Amino acid sequence: MRRGIIAWLVLCAGRVLFCIEARSEPESGEFCRNTGVVKAGRVACDDTLKQETGIRELPEELLMKLLQLYENGEGPGEEYSEELADFFRQALDRPLNINNIELKDLDKFFFLSSFQKEAILEYRREYGEFVSLNELFNIPGIERWQAELMLPFISPQGGGELLPLNLPALWRDARIQLLSRFKFIPEKQQGFTPVSREEYQKKPDCRYAGAPGYLYAQLKYECRDLVKICITSEKDPGEPGVDYLSASLLLHTKGVTERIVAGSYSARFGQGLVLWNSFPATLETQPSSLCKKESAILPYNSTGENDSFCGVAVTLRFKESDISIMTSYRGYDARITEEGFTSLLTTGLHNTATTFSRRKNLYGTVAGFNLNYRGSGFTVSQTTLLYRYDHPYAGRDSVKIKKWGEAGAWGGNASLSWYKVCKRVRVFGELAFDHGASAAVIAGITTRHGSRAESCLLFRSYSGSYIAPFSGALSAGSTPRGERGITVSVSGFAGKYSKGSLYTDIVKDRIKTRLLLEYKPEKGSAHTLRLDYSNTSCGVRYVAEIPLTTSLSLQGRGELRFPAGEKGDRGYLVLGELLCRPLSRRYSASVRLAWFDVPDWDSRIYAYERDLLYAFSVPVCYGKALRGYINLHLPLHKSFDLWIKASQVRYFDRTVIGEGNDLIGGPVKSELKFQIRLRF
């Protein structure tokens, strides 16, 4: 009862964010470190680039880069978006000191390549401390838009120090954030229509157990980087009440015990062959992003109900090494028979009698550690993980039955990963084994060609009997198993504003290729052309971004896709979107109208949409329909903001939408979303 009351209280609130005020942009030219003045036309603005006070908002371009990670429909889902967004939001309030920033901190800037991150550190070693943030524009290999995107999150002074753990500091520097989000479908779905008692008793899954509508809320307490507490709750449509409730606590210290995480947390090490249950942040057309950057143990504040660990984890840091120790015990959704569990369920939905009966009916224990050693230009890491479920496996996978049967329901993995810097070459990889001695290996080499081009060659070979339930390595399938492939990624500039990228992934009889051509001048229209090819489909996409005024811009997109082979029909998408972003940033709005005709599922098109803050929408365009939406951000008070989004799709090739309990009797489907945030 108490848990439910707390959850509902959290659901009635909203959370705080900080806005970026408009800042002056330096002109192109050469920076003179001795005088602090920029030659050849660049404006000297040592003071103008200092962080401003007041409410701040994440840059629109940063949100667009985050959206790219989800647009192809192949990403991990929007539940991980909060992790990256949370880092940048904290950096807005407390910018990182660029004069003592480390490589692990720069790894958070996912839009930078490994060479660009190390170029920043090399520039600092060669010329000394930064005297102005304008110097970012003078570092070879750093693109202008990347430097501009970094400015709100860094500072040439301050930051980086941990406060002493005392009550005055915990109160004086506290920040409390509350967020509440609600969305629902106005059209009546089959699962919410009335039904007789006799019919429901005969078929209990024919109707949803609870009310329609989605509810989400999050309460956060932060005291700089010293203490962080987060409580997250969620109710999916049709669930009878708050179905998901999680909490996490993070403590940072100055001593050997660098951090302690209790409650829900995620962990990622090496290249993901053993342990990586968090956001992979991989941009296919950015070669260096194919090398995963481990971030050790972090609090888990998202809503993936079966993705996190639950327990206690500790990171101990020494001079040149650190060790992370973790334990977890939590319930998972699973199908269970008299013999054991047959499969794990990942939807997180518990809105029918059957799905509710499978909620957390399988418990798992996890224990492991990671030992990381940092030398001069290289890093070596060893990861060991043991896990056990309280029911034996009884599914169709004969390999799992044999291995877990021999080990007495216990399983495990161990790996050795490496990362070596050799001037313009980066060598990385990981070799892993499971408890049955089955092996998996992934290895790659990233090379920089001058300051405007880079490439990556990646090889992977996974045994058909390799088992790693908590892995997250690059794979054509859902897990790194039974696969051997080669990945090539090349990116470089053809001019000052023109850039080309090529990505190819080959696995047995499967091939996936993407060519991306971009033209993004400092002023004027930007254009992007993308060509895709795979065994199932191929396509071409063209995107144009046209500034109309200082506050208005127009974005247009056209896409054409063909299914591979002789069968199937082509599909296409055409859309236009008007964006209003006044320089005052007091409000913003966007309106989109899209038409698509995609008769074949293999030719389906994914088109991201602007959504509520930190929410990501990537609907699948399939069928013949007209889709539109309007998205508004209304800052009603300096501590109170409101977001509203209304969208609707009208199909012209069907009379009903969906199936089963989600079926809508008509060709129209709408969705209304509301979000508020507060700051205390």
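Which strand does Arg-259 lie in? Select Arg-259: the residue sits in strand β9 (residues 257-268). Before going on, note that this is a predicted model, in which local features need pLDDT of at least 70, side-chain atom pairs count only at pLDDT 80 or more, and totals for chains, interfaces and linings use all residues. Residues are numbered from 1 along each chain as its sequence is written, and side-chain values use heavy atoms, with hydrogens and water left out.

**The whole chain**

Zoom out. The protein has 10 helices and 33 strands. These are DSSP runs numbered from the N terminus: H or I of at least four residues for helices, E of at least two for strands. Of the 680 residues, 50% are buried. Buried means under 20% relative accessible area, exposed over 50%, partly exposed in between (1.4 Å probe, protein chains only). Among contacts (heavy atoms within 4.5 Å) between residues at least 6 apart in sequence, 61% join residues at least 24 apart.

**Stop 1: Arg-259**

Return to Arg-259. This residue is buried yet has no salt bridge. A salt bridge needs a side-chain nitrogen of Lys or Arg within 4 Å of a carboxyl oxygen of Asp or Glu. The nearest side chain of opposite charge, Glu-258, is 4.8 Å away. For charge, Lys and Arg count as positive, Asp and Glu as negative; His and the chain ends are not counted.

Now show His-252. Its side chain makes a polar contact with that of Arg-259 at 3.4 Å. A polar contact is a pair of N or O atoms within 3.5 Å; within protein, one must be able to donate a hydrogen and the other to accept it, and residues adjacent in sequence count only if both atoms are side-chain atoms. Add Ile-297: the Arg-259 side chain reaches its backbone oxygen at 2.5 Å. Beyond neighbours within four places in sequence, the contacts of Arg-259 include Leu-250, Leu-298, Ala-313 and Thr-315.

**Stop 2: two glutamates**

Select Glu-135, in the loop between α5 (114-127) and α6. Glu-135 is buried, with a relative accessible area of 0%. Its side chain and that of Tyr-123 are joined by a polar contact of 3.0 Å.

Move to Glu-148, in helix α6 (residues 144-150). Glu-148 is partly exposed, at 25% relative accessible area. Measure across to Pro-59: the C-alpha atoms are separated by 9.8 Å, with the two positions 89 residues apart along the chain.

**Stop 3: salt bridges**

The whole structure holds 28 salt bridges. Select Glu-222 and Arg-175, whose side chains meet at 2.3 Å, N to O. Glu-222 is in strand β6 (residues 214-223) and Arg-175 in strand β5 (residues 174-184), 47 residues apart. Both are buried.

Next, pick Lys-645 and Asp-611. Their closest N and O atoms are 3.3 Å apart in a salt bridge. Lys-645 lies in strand β32, Asp-611 in the loop between β29 (605-606) and β30 (620-621). Lys-645 and Asp-611 are buried. Then select Arg-514, Arg-530, Asp-532, Arg-541, Arg-557, Glu-559 and Arg-561: salt bridges that share partners join them into one network.

**Stop 4: β28, β31 and β32**

Color β31 (residues 623-637). Strand β28 (residues 588-598) runs antiparallel to β31, joined by 11 bridges. Two strands pair if DSSP finds at least two bridges between them. Trp-595 has Leu-626 as its bridge partner in β31.

Finish on β32 (residues 640-651), which pairs with β31 in the antiparallel sense over 12 bridges. Here Arg-627 is partnered by Val-649. The two strands form a hairpin, with 2 residues between them.
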